[in-house]
Amino acid sequence: MWHRAFLIALVVLLAVLMIFSRGYRAARRIHLPACDTGQKEDKDMMKGDAFYLPDITKDMLLGHIDPAKDDGFTLIDRSHASRPGMYLRTRAYDAFMAMRNAALDDGISLVILSAARPFNHQRRIWENKWNGLQVLHGDILATDIPDPLDRAREILRFSAMPGTSRHHWGTDIDLNSLQNEYFESGEGQKVYQWLQEYAAVFGFCQPYTAFGKQREEGYEEEKWHWSYRPLASEFLRTYEDMVSYDDIVGFDGYETAKKLRVIETYVSGIDPDCL
Ligand SMILES: [Zn+2]
């Protein structure tokens, strides 16, 4: 008799444990914090929490977005931006503000030079280079490079093809200067050291680190480009699942994307600390 009661108790205990651990794993998988007490404030907190994830669509991944008309985005305050009219996903912007304020307390000033960029913006950047309207780094003129693959490869050292930029996602920012040299001495070096030490505390990481054991291919090092990891890592994971070369179209030179394996090499070619 007693061992039947014991068995029933054991089964009940196991069932409770299974339900509990499934709920815990599910909560971890969607990165919800343990704040669901059912109170209104907590619900609002969950919705507005730093780990809140939007339903990611292919249009969002490819930059077919209009941040000014999308309530998932927030207009960046002009006081810490190099120009007006830039947007970030609200969660990423809130995290940036927390990071910026902490940096200010340490005498470090963070200024956003670029944030969310829709497809057409990236297309202008790409096509201006592709068609020789803008010279590349080191005064290279892309139109002097007749082979399309070589031409694309040269532009890809620092610029993404439309449809493949992390800036489409509204999770990534360029800070202070678009030159690595700025971050290597004086004020810029202080900024970079601060970011290296503290950015991760606020959820930010540097996807394009120097080539080495951690990262062997992709864009060259960009000390200015920082990514809000809780959102961006989900965007990347979804991108790898959802986007194919049939989607990388609509700009001059798009035919080179597949041959250069831009998804595998450039989109996925980031520092593992950003995954
Ligand atoms: Zn960037």
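Student: What covers the buried residues of helix 6?

Tutor: The cover includes helix 5 (119-130) and helix 9. Keep in mind that this is a predicted model.

Student: Which residues of helix 6 are buried?

Tutor: In helix 6 (residues 148-155), they are Arg151, Ala152 and Ile155.

Student: How do you know that the buried residues line one face of helix 6?

Tutor: Look down the helix axis. The buried residues of helix 6 fall within an arc of 95°, so they line one face. A general rule helps here. An α-helix has 3.6 residues a turn, so residues three or four places apart point the same way.

Student: What puts the buried residues of helix 8 on the same side?

Tutor: Start with the list: Arg229, Leu231, Ala232, Phe235, Leu236 and Tyr239 are buried in helix 8. They cover an arc of only 160° around the axis, which puts them on the same side of the helix. The face turned away from that buried side carries the exposed residues Arg237 and Asp241.

Student: How does the reach of helix 8 compare with the expected span?

Tutor: Helix 8 has 14 residues. The expected span is 1.5 Å times one less than that number, which gives 20 Å. From its first C-alpha to its last, helix 8 reaches 19 Å, close to the expected value.

Student: Which strands does helix 8 lie across?

Tutor: Helix 8 (residues 229-242) lies across strand 4, strand 5 and strand 6. Its angle to strand 6 is about 85°.

Student: What makes strand 4 and strand 6 a pair?

Tutor: Pairing needs at least two bridges. Three bridges join strand 4 (residues 172-175) to strand 6 (residues 225-228), so the two strands pair. They run antiparallel. One of the partnerships is Asp174 with His225 in strand 6.

Student: How do you know that strand 5 pairs with strand 6?

Tutor: Two bridges join them, so the cut-off of at least two is met. These strands run antiparallel. Phe204 has Tyr228 as its bridge partner in strand 6.

Student: Why are strand 3 and strand 5 called edge strands?

Tutor: First the sheet: four strands form an open sheet in the order 3-4-6-5, with antiparallel pairing. Strand 3 (112-114) and strand 5 (204-205) each pair on one side only, and they are the edge strands.

Student: What makes both faces of strand 6 count as covered?

Tutor: His225 and Ser227 are buried on one side. Trp226 and Tyr228 are buried on the other.

Student: Why is Asn176 called buried?

Tutor: Buried means 20 or more other C-beta atoms within 10 Å. Asn176 has 21, so the label is buried. Asn176 lies in the loop between strand 4 and helix 7.

Student: What is notable about the phi of Asn176?

Tutor: Most residues other than glycine have a negative phi. Asn176 is not a glycine, yet its phi is positive, about 65°. Arg261 also has a positive phi, near 50°, and is a residue other than glycine.

Student: Why is Arg261 called partly exposed?

Tutor: Exposed means 12 or fewer neighbours, buried means 20 or more, and partly exposed is in between. Arg261 has 14 C-beta neighbours inside 10 Å, so it is partly exposed. Its loop runs between helix 9 (256-259) and helix 10 (262-267).

Student: Is Gln196 buried or exposed, and why?

Tutor: Gln196 has 12 C-beta neighbours inside 10 Å. The limit for exposed is 12 or fewer, so Gln196 counts as exposed. Its place is in helix 7 (residues 186-198).

Student: Why is Ala210 called partly exposed?

Tutor: Ala210 has 13 other C-beta atoms within 10 Å. That value falls between the two limits, so Ala210 is partly exposed. The residue is in the loop between strand 5 and strand 6. Its C-alpha is 8.9 Å from that of Asp271, 61 residues apart in sequence.

Student: Which residues have the most contacts inside the largest nonpolar core?

Tutor: They are Leu88, Ala115 and Phe204, in a core of 56 residues. Neighbours within four places aside, Ala115 is in contact with Ile76, Met86, Tyr87, Leu88 and Ile173.

Notes
Residues numbered from 1 in each chain as written. Predicted model: local features only at pLDDT ≥ 70, side-chain atom pairs only at ≥ 80, totals over all residues. Core = buried A, V, L, I, M, F, W, Y, C linked by C-beta atoms within 7 Å. Contact = placed C-beta atoms within 7 Å. Axes fitted to C-alpha atoms, helices over the stretch in contact; angles between N-to-C directions. Arc of directions from axis to C-beta.
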